[in-house]
Amino acid sequence: MCGIVGYTGSAPACGILVEGLARLEYRGYDSAGIAIQQGGATEVVCRRGRVAELAGSLAPMELGGTCGIGHTRWATHGRPSEANAHPHTSCDGRICIVHNGIIENFAELRERLIAEGHAFASDTDSEVVAHLVEARLAQTPVAADDAGLRLVQAVADAVCELVGSYALAVMSDDAPGAIVATRKDSPLIAGLAPDGAYVASDAIAMLDATRDVQVLADGQIALLMPERITCYEAAGDGLAEVEAAAVHIDWDMDVAEKTGYPDFMLKEIHEQPRVIRDTLAGRLVGNSISIDELTLSAQELNLVDRVCIIACGTSYHAGLIAKNLIEGWARIPCEVEVASEFRYRNPIMTPTTLVVAVSQSGETADTLAAIRDARVKDARVFGITNVVGSPVARESDGVVYTKANKEIAVASTKSFLGQVVSLTLLALLLAQAKGELTSAHIRQLYSELADTAELVERILADTSAIDEAAQACKDAASALFIGRGMGAACAHEGALKLKEISYLHAESYPAGEMKHGPIALIEEGFPVIAIATASPTYDKVLSNLQESRARGALVVAIATEGDEEIRSHADHVIYIPPVRDALSPILASVPLQLFARAIALARGCDVDQPRNLAKSVTVE
Ligand code: AGP
């Protein structure tokens with residue numbers, strides 16, 4: 001949550017910061033601001049709203065400075081406003097900071113600083129950092145030859161007082177051309193390019209300049225100067241130079257562009273066949289599934305007697321799908337739990353429990369906390385994430401990447417399919433280790449899994465039935481998504497997609513639960529979206545549809561090509577190609593994504609940046 005960018009170099013910073021913020025806007029878009037060093041002082045410009053508002057205000061200003069920091073905000077403490085927008089400054093205006101995360105002890109720090117004479121200009125937790133650095137800098141001995149290092153020391157001292165999570169970039173008028181950056185539990189990446197040094201909360205903000213980046217670890221402090229980046233860590237009473245982890249980013253630059261699509265969401269939906277192919281590449285060796293990154297031997301895998309999937313939101317729904325596969329194929333008990341519950345429940349873990357943490361961003365605060373808890377309790381943790389070098393990747397015992405490449409739209413689509421495919425591979429691997437499936441069966445399932453890429457292409461080629469169904473439902477006040485088995489998991493994801501981007505209230509239920517309550521919602525024209533694909537429970541779903549229609553529901557059915565019977569039970573039928581039930585979520589999810597998008601557009605919503613949401617949830 002929140003995006004940070006900083007640049008110091010030979011080029012004018014303003015354009016670089018605004019461009020970087022636009023790329024980071026998926027992280028939050030309540031307000032945006034930049035601070036640029038200009039002729040011995042710092043110019044700060046903040047605006048409520050999107051980065052485009054800020055860019056419009058900056059255009060006539062012609063800021064020529066070559067060192068600056070910027071921020072795009074997702075409000076936690078203090079409502080979205082210009083006063084609460086970052087950068088925040090110290091009393092004398094000579095220190096400027098941008099912050100991502102939450103300072104949990106800000107109230108007591110603020111009280112103390114006010115008592116010491118500091119005046120605050122915002123309601124944010126972040127502003128305390130500017131005042132703390134100001135106070136620490138005043139106490140740090142002046143080393144005339146290195147003002148940058150003095151700022152590093154002051155920031156190091158200041159963050160010792162912080163409780164919570166932070167990624168910070170700090171500038172001081174006393175250290176022209178220097179940016180100090182540090183982090184704890186919130187990502188921060190630095191990169192040196194021919195035109196200068198960059199820092200950002202995501203490499204996407206600096207991809208035009210460099211693909212070789214340094215991923216700062218918790219507690220590391222980077223000093224960025226135009227020609228160098230030096231990294232430090234606290235050592236005894238002072239600081240010692242250290243190396244940050246070097247990572248090469250190999251995404252195609254197209255990830256940051258819409259490449260002709262009207263929005264990122266549609267572009268990313270269309271990338272899904274590629275994601276399936278890339279996620280599967282190299283995973284079948286002979287007749288065996290290979291996931292070396294799991295770092296468990298065949299013998300250790302055979303000892304796994306329980307799988308626990310932890311995740312949030314859409315990633316949790318991918319886990320619900322995987323539960324069916326892991327229990328069905330590998331015959332290992334599997335639980336799926338939202339990470340925010342798991343972390344506070346004191347769950348029972350053993351060394352033979354395999355915890356699977358699923359997270360697109362790899363930085364979701366609850367998922368990370370759950371990983372830490374599971375590891376303390378001796379479980380082995382396997383991460384599935386989309387972001388190379390992310391905290392989930394670093395803190396798990398083994399990690400697999402979903403190969404979705406950068407996902408920009410706030411609503412997850414392609415990363416979800418990448419997760420489902422990765423989890424399907426994991427289920428096959430466990431079944432193989434347990435001897436529950438023969439090699440021939442595994443090869444067959446892998447081949448059908450690989451075929452889904454082409455089947456998704458077929459769904460994407462003709463979306464007319466989806467658009468018609470969306471038109472019929474767009475004015476509803478509420479909708480119900482139902483399914484059984486695999487269909488129930490898909491229903492949960494379909495409902496989440498619809499509510500997050502269209503603001504149309506949606507609920508999801510296993511279809512068998514209808515008579516236990518939700519059916520009371522149904523009245524004339526109430527949309528019921530049913531996953532009614534070929535499955536062992538198909539007839540049961542049909543009965544639920546009859547019951548819904550008898551009460552006036554407008555039924556939209558996702559069904560299997562060739563099923564003519566469904567037409568007499570539904571007002572709108574969206575067909576997907578035939579596939580075995582175990583793999584049906586990979587196909588059924590795609591029309592649900594397009595359905596949600598079509599309704600959101602019909603209701604005039606911004607599908608890429610829905611209100612109140614941010615792509616990465618780095619705070620609790
Ligand atoms: C997805 O459409 C959502 N925006 C959200 O539920 C998301 O899946 C959730 O926040 C988890 O994020 P993660 O996968 O990055 O951990």
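**Notes on backbone outliers and one strand**

1. Asp378 is found in the loop that runs between helix H11 (365-376) and strand E21 (380-385). Do keep in mind as you read on that this is a predicted model. Phi of Asp378 is near 80°, a positive value in a residue other than glycine. Most residues other than glycine have a negative phi. As for its surroundings, Asp378 is exposed, because its relative accessible area of 52% is over the 50% cut-off.

2. Arg331 deserves a look as well. Its phi is positive, about 60°, although Arg331 is not a glycine. This residue sits in the loop between helix H9 (313-330) and strand E19 (334-338). Arg331 is exposed, with a relative accessible area of 55%.

3. Where is the cis peptide bond? Look at the step from His86 to Pro87, where omega is near 0°. Most peptide bonds are trans. Pro87 belongs to the loop between strand E4 (67-73) and strand E5 (88-89).

4. Now for strand E11 (residues 212-215), whose side chains alternate. Val213 and Val215 point to one face and are buried, while Asp212 and Gln214 point to the other and are not buried.

5. Which strands pair with E11? One of them is strand E9 (residues 189-193), antiparallel to E11 over three bridges. In this pairing, Ala190 stands opposite Gln214. Strand E15 (residues 245-248) also pairs with E11 in the antiparallel sense, over four bridges. Here the bridge partner of Asp212 is His248 in E15.

How values were computed. Residues are numbered from 1 along each chain as its sequence is written. This is a predicted model: local features need pLDDT of at least 70, side-chain atom pairs count only at pLDDT 80 or more; totals for chains, interfaces and linings use all residues. Side-chain values use heavy atoms; hydrogens and water are left out. Helices (H or I, at least four residues) and strands (E, at least two) are DSSP runs, numbered from the N terminus. Buried means under 20% relative accessible area, exposed over 50%, partly exposed in between (1.4 Å probe, protein chains only). Two strands pair if DSSP finds at least two bridges between them.
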